[in-house]
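Good morning, colleagues. Please take a moment with the sequence and the structure before I begin.

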Amino acid sequence: MSEASDQILDFSQEGAIIVGTIRTSSVLSAINVAEFGNEVVAYVESRPGVNLLLNFENVDYLSSAVLTELLRVNKAIEGVNGKLRLCSLSKVILEVFQITNLDKMFTIYHEDREGGLRRFQRALDIQAEEAAWKEPS
Amino acid sequence: MSTPFFREEFPSTFEAMTETLDRAVAALLREGWIQTADEPCTRLCLEEALVNAVRHGNDNDAERSVTISLTDCGESCTIRVSDEGDGFSVDEVAFPELEQMGGRGICLIRHFMEEVAFDSSANCLEMSFRRKAM
């Protein structure tokens, strides 16, 4: 179920994963890019162990200021032992990550929301299986 | 030097900057320098240059202004963004460390534009690109 009203993102719970869909490119403009970071960081910090899939399907491009906010979000996710994945990146956005080498820091799914969800869930399943194997019998 | 087909001066606020940015991109589209498909890359470069001017050049001081001009130079379009700050050397802007919080704007401009330079005599960042094919 989606939460909230005048937010920059729509958050929805899909099993063990939260999908954060950025509503439009304009919400990432210089005027409110810091609000974007604040909103995601606040959301993450109130949910220890969150598995967050950030969905860029409504975003045409993003500036270096958004990358800075994503680095903040990544730190916040690490701080709560959560996981961050990105999906639905346009060609230009993917290029921005590659130019800045941040494609090496973030896990990017080259798929849409549904494909990203399936891959994220599969990764969580594998991790759970590995953890079960390591448990003493 | 040709007369710019677009020139605007605005106070150093992000609100004013965003309005000018929209009009500058519209002018590039109208003059045929970019097509709709090229808009994201071009908008990105303009925004990076304008944000640098507002934030780093003019220190977000609304009393100081930023000027942007777009000029048809025949083979290429030249974008000039000037501010009232101390200036900087484009060549001395290092590629940022992976976890560094800022400093990626110039890298992006360098990638998407064909030429980038800072004219210290005019306190002006200059960048140019060739007409995007239809």
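Which residues in α3(A) and α3(B) meet? Before answering, I should state that this is a predicted model. From α3(A), the participants are E95(A), V96(A) and I99(A), and they meet C107(B), L108(B), H111(B) and F112(B) of α3(B). Sorted by class, this contact comprises 5 nonpolar residues, 1 polar residue and 1 charged residue.

Let me turn to the geometry of this pair. Two packed helices are described by the angle between their axes and by the distance between those axes. Here, helix α3 of chain A covers residues 91-99 and helix α3 of chain B covers residues 105-112. Their axes come within 10 Å and cross at roughly 115°. The crossing of α3(A) with α3(B) is right-handed.

I now move to chain B as a whole. Chain B contains 3 helices and 5 strands, and along the sequence these follow the order β-α-α-β-β-α-β-β. The radius of gyration of chain B is 14 Å, close to the 14 Å that the globule rule gives for 134 residues, so chain B is as compact as a globular protein of that length. Along the principal axes, its C-alpha atoms fill a box of roughly 35 × 35 × 30 Å.

What share of the 134 residues of chain B counts as buried? The figure is 50%. As for the surface, chain B exposes about 6600 Å², of which carbon and sulfur atoms supply 45%.

Finally, consider the contacts in chain B between residues at least 6 apart in sequence: 61% of them join residues at least 24 apart.

Definitions and conventions: Residues are numbered from 1 along each chain as its sequence is written. Chains are lettered from A and ligands numbered from 1 in the order in which they are written. This is a predicted model: local features need pLDDT of at least 70, side-chain atom pairs count only at pLDDT 80 or more; totals for chains, interfaces and linings use all residues. Side-chain values use heavy atoms; hydrogens and water are left out. Axes are lines fitted to C-alpha atoms, for helices over the stretch in contact, and angles run from 0 to 180 degrees between N-to-C directions. Helices (H or I, at least four residues) and strands (E, at least two) are DSSP runs, numbered from the N terminus. A crossing is left-handed if the near helix is turned anticlockwise from the far one by less than a right angle, and right-handed if clockwise. Contact means heavy atoms within 4.5 Å. Ala, Val, Leu, Ile, Met, Phe, Trp, Tyr, Cys and Pro count as nonpolar, Asp, Glu, Lys and Arg as charged, and the others, Gly among them, as polar. The radius of gyration is taken over C-alpha atoms; the globule rule is 2.2 Å times the number of residues to the power 0.38. Buried means under 20% relative accessible area, exposed over 50%, partly exposed in between (1.4 Å probe, protein chains only). Accessible areas come from the Shrake-Rupley method with a 1.4 Å probe; for residues, only the protein chains shown count as cover.
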